[in-house]
Amino acid sequence: MSMLERLAAGMVMLLAPCALAQVPKFGQEIAPADIAAWDISIGPDGLALPPGRGTAKDGEAVFAAKCQACHGEKANGGPNDPLVGGMGTLAPGKTPVKTVGSYWPYATTLFDYIRRAMPFQESKSLTSDEIYAVSAYILNLNGIVGTDEVLDAQSLPKVRMPNREGFIVFPRNPQ
Amino acid sequence: MLSRTRSEQAEFASGNGVVSRRVFLEGALTAGAVAASTTSATTEPLAVQPWMQVPGAGFTGYGQPSRFEDKTVRVSPPPPNPATQGVGASRTPLHLLDGIITPSGLHFERSHSGVPDINPELHRLVIHGLVRRPLVFTLDALHRYPMQSRIAFIECAGNSQLLNAPQPQLVGIAALHGLIGCSEWTGVRLSMLLDEAGVDPSARWVVAEGADAASMSRSIPLAKAMDDTLVCLYQNGERVRPSNGYPVRLLVPGFEGNMNVKWLRRLKLTTAPVMTKDETSKYTILLKDEKAWQFVFPMEVKSVITRPAPAMTLKQPGFYEISGLAWSGNGSIRQVDVSADGGVSWAPAALQAPILPRAPVRFRAAWQWNGAPAILQSRATDDTGMMQPTRTQFAAERGLRGVYHYNAIASWRIDEKGEVSNVYA
């Protein structure tokens, strides 16, 4: 066989039809119910909010017991971030004080974050009622909801945050 | 007699003593003016030290740096609240390192609720939401996929934020710029796992979440997840270190560090971002007016001189290498210029291979210090043509209230005593 013939024969072997190689698939199917304990993300539509309810009045005691040591009395700040105040400080030339009230665009984020990450020493320990209540308390301190206003899966996404329109998407992201 | 030909004449490339990079590119170590550097002669006879006479230590399971290198450590400020340790960061001592790879034990750390102690046998990664088949993966399963390696930087969006301050902060380079690291990351392409789950055509975002106590989470555009995002199992050849995401983390090349979610436990496909705490109240850039930039993904072109750097003293006039790192989240570094006169004149530095996209480049320039005060700067340009702004240009665009993504030109002042400090120039 000439060199060319050998080369051609080799190429035919390479191109010969064969069974399709197996694509690696090592994930195991899991039922949505089995993901539930981890499925804690809540978007602005609030569709993933759990049942439960609470008011600022209910939340005051929760805050005092679970949050105040770090965030200070009436959430004015302690060793860790203040959660109230700063209204008007985003204005040009001012030193911004970015709090839940002055900066956060969505109330649903408050529920999402408290549930996943707070209280710091024992995250994921609060009941849904406690999370609704302490969210209501923080929003009430910021003058955003009333003292007796009930927060639940229906009402929380409807809460209008003062800085809701404060964000624009970065104009230089890769397309 | 063996002799080497050396050029007799130094070629200054820009003001105040920056020497042409041909010194590096042509391999000639000295040129006339540089050769004028004084080097004190050895005055003592060479001693036979004890370690030259007795056997050294035996073998060890896992090597450690020399005991004489105990100052080469990460630095971290004390936490504002001792009760919430693990919130914050430790920073890489850039001035004590060279090359582009950050030793894993010196890679900066950033956590929102400490470093979790994850048992890999119990760890799971779940992909769900807008997929045909929700899937769960064990670590053993992830290890069976074909992998790829990539040298890439991860930079915290909050790196260099002290340079937003009205007055220059008299702290070291680690405190100023030490929230960047570079590793060889090895793992499975996220697109492979997403394809296996079957992404619904309506999906646009992937919400990534960690297994730490804060369950830190970020929304990532699906296009980036399908492009070059890696599910990493290895860092610099060994399993990812705990504070860098053990046993599995995301690498989202070029994007802000916070999106490179560590301790990865969950990926949820959605139509819209979930607006997590870390993509609304944090990691957004308040501009000069009342608006804030949100979803600021790429870490834009940047560089910093790592040597000389604060805490270092130039003991005498003469030759010094100016060395540093340059990187861009948008691509590769095309050019780095250095200045020894506060940006009045510039000369191109030598770029050391490898020059890789979304990885730092080591740059080097030769400088002859004449003993007078000087201001050293570096200025990087990437292959999209974007050039690092001056601090004035940076502030003109966005103000100095943004905290995150500070990438303006940094300045080191050398005073007449040879002491190096952070200044604005």
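**Exercise 1. The two domains of chain B**

How many residues of domain 1 of chain B are in contact with how many residues of domain 2 of chain B?

*Solution.* Start with the ground rules. This is a predicted model, in which local features need pLDDT of at least 70, side-chain atom pairs count only at pLDDT 80 or more, and totals for chains, interfaces and linings use all residues. Residues are numbered from 1 along each chain as its sequence is written, while chains are lettered from A and ligands numbered from 1 in the order in which they are written.

Step 1: set the bounds. Domain 1 of chain B covers 1-37 + 285-425, and domain 2 covers 125-283. Such bounds come from an automatic or database domain assignment.

Step 2: count the contacts. Two residues are in contact if their C-beta atoms, placed from the backbone, lie within 7 Å. On that rule, 29 residues of domain 1 of chain B are in contact with 25 residues of domain 2 of chain B.

Step 3: find the elements. Helices (H or I, at least four residues) and strands (E, at least two) are DSSP runs, numbered from the N terminus. On the domain 1 side, β17 (302-307) and β25 (420-423) of chain B are the elements that give two or more residues. The largest share, 3 residues, comes from β25(B).

Step 4: sort by class. Nonpolar means Ala, Val, Leu, Ile, Met, Phe, Trp, Tyr, Cys and Pro; charged means Asp, Glu, Lys and Arg; the others, Gly among them, are polar. The side of domain 1 of chain B that touches domain 2 of chain B has 21 nonpolar, 7 polar and 1 charged residues.

**Exercise 2. The contact between chains A and B**

Describe the side of chain B that touches chain A, then find a strand pair that joins the chains.

*Solution.* Step 1: count. Chain B gives 49 residues to the contact and chain A gives 41.

Step 2: locate. In chain B, the elements giving two or more residues are β5 (125-129), β6 (135-137), α5 (190-197), β14 (264-270) and β16 (292-294).

Step 3: sort. The chain B side divides into 25 nonpolar, 12 polar and 12 charged residues.

Step 4: look for pairing. Two strands pair if DSSP finds at least two bridges between them. Strand β4 (residues 167-169) of chain A and β16(B) pair in the parallel sense over 3 bridges. Phe167(A) stands opposite Ala292(B) in β16(B).

**Exercise 3. Strands β14 and β17 of chain B**

Is β14(B) largely enclosed or largely open? Trace its partners, then treat β17(B) likewise.

*Solution.* Step 1: apply the burial rule. A residue is buried if 20 or more other C-beta atoms lie within 10 Å of its own, exposed if 12 or fewer, and partly exposed in between, with C-beta atoms placed from the backbone. In β14(B), 6 of the 7 residues are buried, so β14(B) is largely enclosed by the rest of the structure.

Step 2: name the partners. β5(B) runs parallel to β14(B), joined by 4 bridges. Here Val126(B) has Arg266(B) as its bridge partner. Strand β9 (residues 205-210) of chain B runs antiparallel to β14(B), joined by 6 bridges. Here Ala208(B) has Leu267(B) as its bridge partner.

Step 3: repeat for β17(B). 5 of its 6 residues are buried, so β17(B) is largely enclosed by the rest of the structure. β17(B) pairs with strand β18 (residues 318-327) of chain B in the antiparallel sense over 5 bridges. Arg307(B) has Ser323(B) as its bridge partner.

**Exercise 4. The nonpolar core**

Which residues of the largest nonpolar core touch the most other members?

*Solution.* Step 1: define the set. A nonpolar core is a set of buried Ala, Val, Leu, Ile, Met, Phe, Trp, Tyr and Cys residues joined through C-beta atoms within 7 Å.

Step 2: read off the residues. Among the 145 residues of the largest core, Val134(A), Ile138(A), Val206(B), Val231(B), Ala365(B) and Trp367(B) touch the most other members. Helix α6 (residues 128-141) of chain A gives the largest share, 9 residues.

Step 3: place the core. Domain 1 and domain 2 of chain B both give residues to this core, so it lies between them.

Step 4: zoom in. Beyond its neighbours within four places in sequence, Val134(A) is in contact with Gly59(A), Val62(A), Phe63(A), Cys67(A) and Ile114(A).
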